[in-house]
Amino acid sequence: MQAIRKRRIGYALLFVICSLATGWFAVKLMVEAAIIFAVISAVLLVFLIRESYLLYHANLIWNNCILAVPSAIISTSFSNEKREVEEIIVSTFGILIGNKIYKWGMNGISGVRLKTIEIDRSWIFLNFGDDDKTVRVELLHGMADTEEAMEIQQKFWRETGIESVVRDW
């Protein structure tokens, strides 16, 4: 989330600088330079709006956290590659993996959906995606006893409506 926030601040600063440069060149009657900086300002405004949208959804996920884990392993259905990431937040509205956001239930029937949740002694496995692509996230949870696992299972069920499978406890 910090990376999204930093990018948004960077785009905002660049937008302000380019807007001021556009105004200055317009006042000095340097039309070509004013047009160039106006176009750059418009592009930066689009990027700023996009980052603000991402930050809004990241805050939504962060503020409605079900589970936060320090690291995870991610694999996808269309690639055999597995990669490790840090800062994982699982929420009612989606999952924040580093600076990548997966929102479930937001784009109707054809959108990304949380499909299955499995909890074992050391990992929580989340499968989500749409009809074409499925992502599997393996979260190292660090829960010590069955009671904690049952609490997380109930929390997932209440918040997402998905029944978790608890095994090997």
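Biologist: In this predicted model, which residue does R7 meet in a salt bridge?

Modeller: Side chains of opposite charge can pair when their charged atoms come close. Here the side chain of R7 comes close enough for such a pair, with 3.3 Å from N to O. That fits the cut-off, because a salt bridge needs the nitrogen within 4 Å of the carboxyl oxygen. The partner of R7 is E51.

Biologist: How many residues apart in sequence are the parts that R7 and E51 tie together?

Modeller: Start with where each residue sits: R7 lies in helix α1, residues 2–27, and E51 lies in helix α2, residues 31–63. The two residues belong to separately numbered helices, so their salt bridge ties together parts of the chain that are apart in sequence by 44 residues.

Biologist: Is E51 buried or exposed?

Modeller: Let's look at its partner R7 too, which has a relative accessible area of 29% and is partly exposed. For E51 the relative accessibility is 1%. Buried means under 20%, so E51 counts as buried.

Biologist: Which residues do salt bridges with shared partners join into one network?

Modeller: Besides the R7 bridge, E51 meets R50 in a salt bridge, at 3.1 Å from N to O. R50 is partly exposed, with a relative accessible area of 45%. There is also a salt bridge between R136 and E138, whose closest N and O atoms are 3.8 Å apart. The network formed through shared partners consists of R7, R50 and E51.

Biologist: Of R136 and E138, which one is buried?

Modeller: R136 has 24% relative accessibility and counts as partly exposed. E138 has a relative accessible area of 11%. Since buried means under 20%, the buried residue is E138.

Biologist: How many salt bridges does the structure hold?

Modeller: We have already met some of them, including R7 with E51 and R136 with E138. For the structure, the number of salt bridges is four.

Biologist: What separates the C-alpha atoms of A12 and L45?

Modeller: A12 has its place in helix α1 and is partly exposed, at a relative accessible area of 25%. Along the chain, A12 and L45 are 33 residues apart. Their C-alpha atoms are separated by 7.8 Å.

Biologist: What is the phi of L29, roughly?

Modeller: Find L29 in the loop between α1 and α2. With 70% relative accessibility, L29 counts as exposed. L29 is not a glycine, yet its phi is positive, at about 60°.

Biologist: Are W24 and F25 stacked or edge-to-face?

Modeller: A pair of aromatic rings is described by the distance of the centres and the angle of the planes. For W24 and F25 the centres are 5.2 Å apart, with 65° between the planes. Planes over 60 degrees apart count as edge-to-face, so the pair of W24 and F25 is edge-to-face.

Biologist: Which residues do ring pairs link into a cluster?

Modeller: The whole structure has five aromatic pairs. W24 is partly exposed at 49% relative accessibility, whereas F25 is buried at 17%. The cluster linked by ring pairs is made of W24, F25 and F37.

Biologist: Over the ring of which residue does the charged end of K100 sit?

Modeller: The charged end of K100 is 5.3 Å from the centre of that ring. The ring belongs to Y102.

How values were computed: Residues are numbered from 1 along each chain as its sequence is written. This is a predicted model: local features need pLDDT of at least 70, side-chain atom pairs count only at pLDDT 80 or more; totals for chains, interfaces and linings use all residues. Side-chain values use heavy atoms; hydrogens and water are left out. Helices (H or I, at least four residues) and strands (E, at least two) are DSSP runs, numbered from the N terminus. Buried means under 20% relative accessible area, exposed over 50%, partly exposed in between (1.4 Å probe, protein chains only). Rings of Phe, Tyr and Trp (its six-membered ring) pair if their centres lie within 6.5 Å; planes under 30 degrees apart count as stacked, over 60 as edge-to-face and the rest as tilted. A charge sits over a ring if NZ of Lys or CZ of Arg is within 6 Å of the ring centre and within 35 degrees of the ring normal.
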